[in-house]
Amino acid sequence: MLSRTADHLFWMARYTERAENTARMLDVNMQTSMLPQSEQDAEQGWRATLGISELQSAYDHQYGRFHTRDVLDFMVRDPNNPSSILACLTGARENARAVRGTLTTEVWEIQNATWLDMQKRLKSNLLETDPSAFFEWVKYRSHLSRGVTLGTMLKDEAIHFIRLGTFLERADNTARILDVKFHGARDTSKDITQRDFYYWAALLRSVSGFEIYRKVYRDVITPARVAELLMLRGDMPRSLLACMDDVVENLKHIRNDVSADTERFAGKLHAELKFGHIDDIMKAGLHHTLTEFLENIYELGNRVSRDFLVPLAA
């Protein structure tokens, strides 16, 4: 496959996944902001959402003050914010259009229809009147895109680049959410209060993990178990291990003459999660472990670009 074609497929998938992740974070934060809390706590929650995407300084530079409405506008429809839902869905559509001949008609129509429908929804007052409905729509369109891709495309290199982009983006997002939320939590060594319960439940809901947590642990929510579920459980779809399972598997299907080192790098990262233990991670420091993982997943993305995609401009 031509590297430029692979690049478009890879980034189409990453942008689609990023839009969904942004919608998930904003939706959960909207819901938790309605709980009884001080203005300071509410603002801290929104700033944490900006921090997850490393957009705090960009937001402050543009707005200079904090307001929930401004955060939503910045994260949803600001074309200059590369992680806004508008920018992500536009990027996904443009990358899909560039490789229209490689995609099935159904996959292209989903991407194009999503972009067109987004224009109408952003021009309406839906974001102001019912933001949760808008975020649910974004998540639904992402789910639909993945389902149609898997259900209609030939299982060749094209779909493996799409899946690789999806899971690299998802791993990065899960690690960021977990790191920022643990930093924002109160003392995680004590028994959690009712407020803490809602805090950790919100974190789990942001990755569709609340019901899974109840099924796996059948007990009260504890920070260590939340970390274990989102890092080390291969049966949790958005966990770091589950993402790396799929990254390693898809790399096998697209390997070339220069990708052996990248496969080894991914395999090492995968093995550290597969054979890791939450007690060791908590003892070493969760923030340290997640920071290291984020550095490695960034490096892995660069290696994938170097070995398979269009080289980054110097």
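A residue is described here as buried when its relative accessible area is under 20%, and this cut-off is applied below to a predicted model. By that criterion, helix H12, which spans residues 223-232, is largely enclosed by the rest of the structure, because 7 of its 10 residues are buried. The buried residues of this helix are Pro-223, Val-226, Ala-227, Leu-229, Leu-230, Met-231 and Leu-232.

Burial is also found for a lysine in another helix, H8, which covers residues 131-152 and includes Lys-139. With a relative accessible area of 12%, Lys-139 falls under the 20% cut-off and is therefore counted as buried. When its neighbours within four places in sequence are left aside, Lys-139 is in contact with Glu-20, Ala-23, Arg-24 and Asp-27.

Helix H8 also takes part in the lining of an internal space. A search of the whole structure finds 4 cavities of 30 Å³ or more, and the largest cavity holds about 130 Å³ of space. This largest cavity is lined by 13 residues, of which Ala-13, Ser-145, Arg-146, Ile-162 and Thr-166 are the closest to its centre. Two or more lining residues are given by each of helix H1 (3-32), H8 and helix H9 (157-184), and among the contributing elements H8 gives the most, with 5 residues. In character, the lining of the largest cavity is mixed, being divided into 4 nonpolar, 6 polar and 3 charged residues.

Note on methods: Residues are numbered from 1 along each chain as its sequence is written. This is a predicted model: local features need pLDDT of at least 70, side-chain atom pairs count only at pLDDT 80 or more; totals for chains, interfaces and linings use all residues. Side-chain values use heavy atoms; hydrogens and water are left out. Buried means under 20% relative accessible area, exposed over 50%, partly exposed in between (1.4 Å probe, protein chains only). Helices (H or I, at least four residues) and strands (E, at least two) are DSSP runs, numbered from the N terminus. Contact means heavy atoms within 4.5 Å. On a 1 Å grid over the protein atoms alone, a cavity is a set of points where a 1.4 Å probe fits but cannot get out, and a pocket is an open set with protein on both sides within 12 Å along at least five of seven lines; lining residues have an atom within 4 Å of a point. Grid points are joined across faces, edges and corners, and a volume is the space filled by probe spheres set on the points. Ala, Val, Leu, Ile, Met, Phe, Trp, Tyr, Cys and Pro count as nonpolar, Asp, Glu, Lys and Arg as charged, and the others, Gly among them, as polar.
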